[in-house]
Amino acid sequence: MRWQGQKIADDDGAALLPMKGLVRSVRTPDFEGVTFHEVAAKSALNRVPEQSNMPFRWTVNPTRGCLHRCVYCLSPETLVLMADGRHKPIGEIQVGDRVVGTELRGRYRYFVATDVSAAWRTRKRAQRITLADGTELVASRDHRFLTEHGWKFVAQEPGEVSQRPHLTVNNRLMGFGLGGALSGYMPPQQSLEYRRGYLCGMIRGDGMLVDRTYTRESTGKPYRVTIFRLALADSEALIRSHEFLAAEGVSTTFRPFTTKTEKRAAMTGIFTATRGGYQRIKEVIRWPETLSEDWCKGFLSGIFDAEGSLSGSALRVSNKDDEILWHLESALGVLGIPFVREPVAPKGVTTIRITGGRASYRRFFQLTDPPITRKLTLLGKAVKTFSDLRVQSVEDLGSDQDMVDITTGTGDFIANGVISHNCFARKTHEYLDLDSGKDFDTQIVVKTNIAEVLRAEVNKPSWKREHVALGTNTDPYQRAEGRYQLMPGIIRALAESGTPFSILTKGPLLKRDLPLLVEAAQHVPVSVAVSLAMTDPQLQQKVEPGTPDPRARLNLIKAITNAGLECNVLAMPILPWLTDSTAALDQLHASLAEAGANWVSTGALHLRPGAREWFMQWLAAEYPELVPKYRRIYRSAKGRFSTYVSAEYRQWLGKRAAEARRRHGFERRSDVTWRERVSPEKPLDSPGWDASQSELPGLELTPTGQPALF
């Protein structure tokens, strides 16, 4: 099917040129700027033309278009809320980190934990967004934040004709904000003063120090008992206290204190019974003459671990001791954290309550760093915006700055206390006849009924249960799958009809369907392949800046094999003189073997007209010395630029790749593998199929001219 010209006109967002089978066109705040054309497909199975040299006869493609590529968006100093309740600068976020995202449940959005599957860096023109509560964000124009009216870009692009939704003064962002500038969120250093402040708060709040003289009843002689004990249900605070005491020269031992019951958690304690240790602890927790900032941060951390709580929408610390309460209020005053003292309770307990809502709570945790994770988390709580997060200004800073973006499983994350979108941008697919920019970015065709149609087709008496390949055109686990969830129905239809199938992806979203794939594999041959051709993250950022990080794809491979499924890797395309060295291939195969991959298939880069021009322009800018070499090995017999490398290079690469496979244990096996399942007549390594000429390793280009690997 060709989609050329089938798009919404720029001057009339509701007018749609004729599209066969169109049911409706949908725009949603979760995908600002994107129109989903939901079509009623008449067929789901696509027969692959014989001249394409594909090693399979049938494919299923639930969507036309792709949203895989990220737009780099935020300043590296931007604070991201982690799943454990702490903040980390986005520039320090790594693949596999757990952060806080959001999830819609009915009418309301809730905070949930989500994995970081990719992270990128670049330089972009910087904009500063200032909110009424003092929160500031530095982002690119293309970044999006959630407002009371849905997702909005930071600003229009210069000269842009169409009006994409963007921030304007008095738009209200969603979240809790920072309540001030980033300078007020400096985490503590574990200095001597911080350590002593923490121990003072923890031990005075929850410890026991005894030094008494008793008389033995049997002899009437005195004896002295000296003991220190700190017993907690949370190991994080107990370990920190043990380590901080050790740094002060006090050795403590761990031992069980209470056992678990239906109403009480088990507790472990740290103990010392030496008089020297007792005296040293008394010295360490002595009230200081002056309250330094580091001591205050440590004290607040310790007293919160000992006596504090975050329940419902209130952060409190309670105690009876007037001296502790005075120092608590004084320390909060030093750090500028607002609070109120509540009336004394009937049992004589006084509560100090932090005010200012979630922005104040997050700042308290960032400044003091309490180690007990369960007291910090927002997970499971509804998103409620009480802070004044109105946009006061959006200022062009007039220069390019380093920018960072991450991709998460929920499609969003919390940046400087507001809900921030994973930004995906344009990616071209030359073989779809979509233009290299706006058409593909804004017009996504979705076959919403594909599972039902496929089920009818594979249950026909004429269907011969031939192998079906998914992911050969567009990735079936791109971000749109998170919205439409078409793959579970497709998998069930194939498995229940007895149809073997394979999936090729680079999207970590496949992890969602692993239980379903494991179940399907009990009934039909199922194989999964991941596309990964390089492990050098710096080169990967240059060559394919919009695809998941190699580490994310290695983690995906591990998840697949840990689930008991085979996972094969398409190391395509290999780039001459960039990723084809013995060292590069050895590193690639070693990483894949460690991740548990079952087989690796390699193929050289091919350069179709259209993609070729952009790639050569990129190559000339990044590696000008390689341009004449590429022209030599991509020269046809008639002296023209060929799509494919020379036969000599293909043979040379095949031999080098085979050696790397042997070194890392990728041996041919007697049992049926994914390579044979693809097609009994043309397994991937057969002479009848040339990997370098297939559609699978196609090179695509971003609108900026940078190549991105399919």
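This is a short walk through some helices and strands of the structure and how they meet. The model is a predicted one, so please read each feature below with that in mind.

Let us begin with a pair of helices. Helix 1 covers residues 192-206 and helix 4 covers residues 293-307; their axes come within 6 Å and cross at roughly 30 degrees. Angles under 35 degrees count as roughly parallel, and helix 1 and helix 4 are therefore roughly parallel to each other. The crossing in which helix 1 passes helix 4 is right-handed. On the side of helix 1, the residues in contact include Y194, Y198, C200 and M202, and those of helix 4 include W295, F299, I303 and A306. Charged residues take part too, among them E193, R196 and D206 of helix 1 and D294, K297 and E307 of helix 4. Taken as a whole, the contact of helix 1 with helix 4 divides into eight nonpolar, six polar and seven charged residues.

Just beyond helix 4, you can look at strand 18 (residues 308-311) and strand 19 (residues 314-319), which run antiparallel and are joined by four bridges. Here S309 stands opposite R316 of strand 19. Strand 19 also pairs with strand 21 (residues 350-354), again in the antiparallel sense, over five bridges. One position to find in this pairing is L315, whose bridge partner in strand 21 is I354.

Now move along the chain to an open sheet. How many strands form it, and in what order? There are seven, arranged as 3-4-27-28-29-30-31, and their pairing is mixed. At the edges lie strand 3 (45-47) and strand 31 (599-604), each of which pairs on one side only. Leaving direction aside, neighbouring strands in this sheet are turned against each other by 25 degrees on average.

Within the sheet, strand 29 (residues 526-531) and strand 30 (residues 567-574) make a good place to pause: they pair in the parallel sense over four bridges. V528 has C567 of strand 30 as its bridge partner.

Helices pack on this sheet as well. Helix 13 (residues 550-562) touches strand 28 (501-505), strand 29 and strand 30, and its direction makes about 165 degrees with that of strand 29. Helix 17 (residues 647-663) touches strand 30 and strand 31, with its direction at about 160 degrees to that of strand 31. Strand 30 is thus touched by helix 13 and by helix 17.

Conventions:
Residues are numbered from 1 along each chain as its sequence is written. This is a predicted model: local features need pLDDT of at least 70, side-chain atom pairs count only at pLDDT 80 or more; totals for chains, interfaces and linings use all residues. Side-chain values use heavy atoms; hydrogens and water are left out. Axes are lines fitted to C-alpha atoms, for helices over the stretch in contact, and angles run from 0 to 180 degrees between N-to-C directions. Helices (H or I, at least four residues) and strands (E, at least two) are DSSP runs, numbered from the N terminus. Angles under 35 degrees count as roughly parallel, over 145 as roughly antiparallel, 65 to 115 as roughly perpendicular and the rest as oblique. A crossing is left-handed if the near helix is turned anticlockwise from the far one by less than a right angle, and right-handed if clockwise. Contact means heavy atoms within 4.5 Å. Two strands pair if DSSP finds at least two bridges between them.
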